[in-house]
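Reader: I would like to go through this model step by step, from its overall form to its local backbone geometry. Could we take it as a series of questions?

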Amino acid sequence: MNQLFENLFIFEMANNHQGDVEHGLDIIRAMGKITRKYNIKAAVKLQYRELETFIHPEYVNRTDVKHIPRFLGTRMEEQEFSTLVNAIKEEGMFSMSTPFDEASVNLCMDHGIDIIKIASCSALDWPLLTAASASRKPLIVSTGGKKISDIDKIYNFLTHRENFFAFLHCIALYPTPAENLQLDFIHRLSKRYPNVTIGYSGHEDPNDIITPMLAVAKGAMILERHVGLSTDSITLNAYSMNPDQADAWVKAAIDAKKMCNIHGNGDKYVSQDEVDSLNSLMRGVYVNKDIPKGTPIKEQDVFFAMPCLEKQMNSGQFYDGIVATKDYKANDGVFEIKKKDNIAIVRNVIHDAKGMLYEAGIPVGSDFEVELSHHYGMAHFRQNGALIINIINREYCKKLIIVLPGQKHPVHHHKLKEETFQLLYGDLQVDLEGKVEHLKPGDILTVPRMAKHSFTSSKGAIFEEISTTHVKKDSYYADEKISRLDPIERKTILRNW
């Protein structure tokens, strides 16, 4: 994913800034002020057309064909566009242009345009896409009016050519009614093309600040809107924002980003204030009769009531049969520590593994065996080991292997089995005979017989192992402590989870 695209705001010049250079410069300066005010990454987008070839000569003087009079009426010379490009860069923003023909792609190159935008109407214009792709410039493609099958074609076209590109969800209605926005499609694009930055190009009411917030919440990393300036002789259209509206639009998106941001490095951050707030409402465990030290506390011996005092066992922690470590009088709070045994550890690991499969969207059915490899004991499983889902073991073998965040699988080799790994989810680092391979989803790595290998993951991984028949006791570990263990001592098998 190209970092240039992340959290990018695009200000598109409305109606080619009326073909007036000074008016265009005024718009650029106004957007520059907003960019500096909020310290954002921003681009100003122009539109390039080689009008001599873009419009058929027999239609040049026609007024009955939509858009042609406007294109001709806002015509500008190459040097005038160059002046605007230089002004954009002087204001600390990226220069961007939508070329509508191959000659205009060349003009983008001549002017040193930073990003090329492909308009929705050109998204299936293969000659234009070919020229834009050949420029090797970062590309942003709007997808207005395009079904998912069309977007798949564009994705494959640009992926095969190894272009950096992004998609913008877009509804090509000007202005776009709220009921037509279909913002859920942003999430679908993000899931379908996980390595492509997804954004939103909006044409809704200029005073609407809810839509950009929703777009951010749906995962849009790029936001684009038309901008302009009203004057005594210029009136903005129904979908273009003036500087005050653009300011409010940017602020709303920044606020939404703060609201959506996860503070816990991918996991949910729980503050102490939140913990204290909930603890004040929890029920504590109290005994309803005298309990001597050393006596198991049964369910019928307790009741649950608030408050739950500091270090007191709460209702969710109690289990039948916990042994009293002190004498309790009737109505005393229970202050015991729930010990974590292997069963609790296994249960927590299974829950985490299931969660990873759910998040990755990988179904496993119901006919499989779960194997927990705990080479240094179950207590150390989260540091060393792996969870293996055995699916098929015939002349060929298929497994799913789940590596928890930060977990390592020790160095070992197989004498009989050759195996191939394909990473399905997360990140995986495989040390194969001393060479570390950093796999990303989709990558494949074959481990030959006798090859020493180990693997680990920073954020967690799920990978598929396809191999020849798996034979028990065909795993030979470099650490002699592991090698001396009976397989029963380092493996836990579950038939049902």
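The questions and answers below concern this structure, which is a predicted model.

Reader: What radius of gyration does the protein chain have, set against that of a compact globule of 497 residues?

Author: The C-alpha trace of the protein chain spans about 100 × 60 × 35 Å along its principal axes. A compact globule of 497 residues would have a radius of gyration near 23 Å. The value for the protein chain is 31 Å.

Reader: How many helices and strands does the protein chain have, and what share of its contacts with a separation of 6 or more joins residues 24 or more positions apart?

Author: The secondary structure of the protein chain comes to 14 helices and 25 strands. Among contacts with a separation of 6 or more, the share that joins residues 24 or more positions apart is 67%.

Reader: Which helix gives the largest share of the largest nonpolar core?

Author: The largest nonpolar core has 66 residues, of which Phe11, Met31, Phe167 and Leu223 touch the most other members. The largest share of this core, eight residues, comes from residues 21-38, that is, from helix α1.

Reader: Which residues, including any tryptophan, does Leu223 touch beyond four places away in sequence?

Author: Leu223 is among the members of the largest nonpolar core that touch the most others. Leaving out residues up to four places away in sequence, Leu223 touches Leu8, Phe9, Ile10, Tyr200, Pro212, Ala215, Val216, Ala253 and Trp249.

Reader: Where in the chain is Pro175 found, and what is the omega of the peptide bond from Tyr174 to Pro175?

Author: Most peptide bonds are trans. The bond from Tyr174 to Pro175, however, is cis, and Pro175 is found in the loop between β6 (165-170) and α8 (184-192). Omega for the bond from Tyr174 to Pro175 is near -5°.

Reader: Which loop holds Pro307, given the cis peptide bond from Met306 to Pro307?

Author: The peptide bond from Met306 to Pro307 is cis, with omega near 10°. Pro307 lies in the loop between β12 (302-305) and β13 (322-323).

Reader: Is Asn331, with its positive phi, buried or exposed?

Author: Most residues other than glycine have a negative phi. Asn331 has a positive phi near 80° and lies in the loop between β13 and α12 (342-360). Because its relative accessibility is 55%, Asn331 counts as exposed.

Reader: Is Lys473 buried or exposed?

Author: Phi of Lys473 is likewise positive, near 65°, and Lys473 has its place in the loop between β23 (461-468) and β24 (476-477). With a relative accessibility of 66%, Lys473 counts as exposed.

Key
Residues numbered from 1 in each chain as written. Predicted model: local features only at pLDDT ≥ 70, side-chain atom pairs only at ≥ 80, totals over all residues. Heavy atoms only, no water. Helix = DSSP H or I, 4+ residues; strand = E, 2+ residues; numbered from the N terminus. Rg over C-alpha atoms; globule rule 2.2 N^0.38 Å. Contact = heavy atoms within 4.5 Å. Core = buried A, V, L, I, M, F, W, Y, C linked by side-chain atoms within 4.5 Å. Buried < 20%, exposed > 50% of the residue type's maximum accessible area, 1.4 Å probe, protein only.
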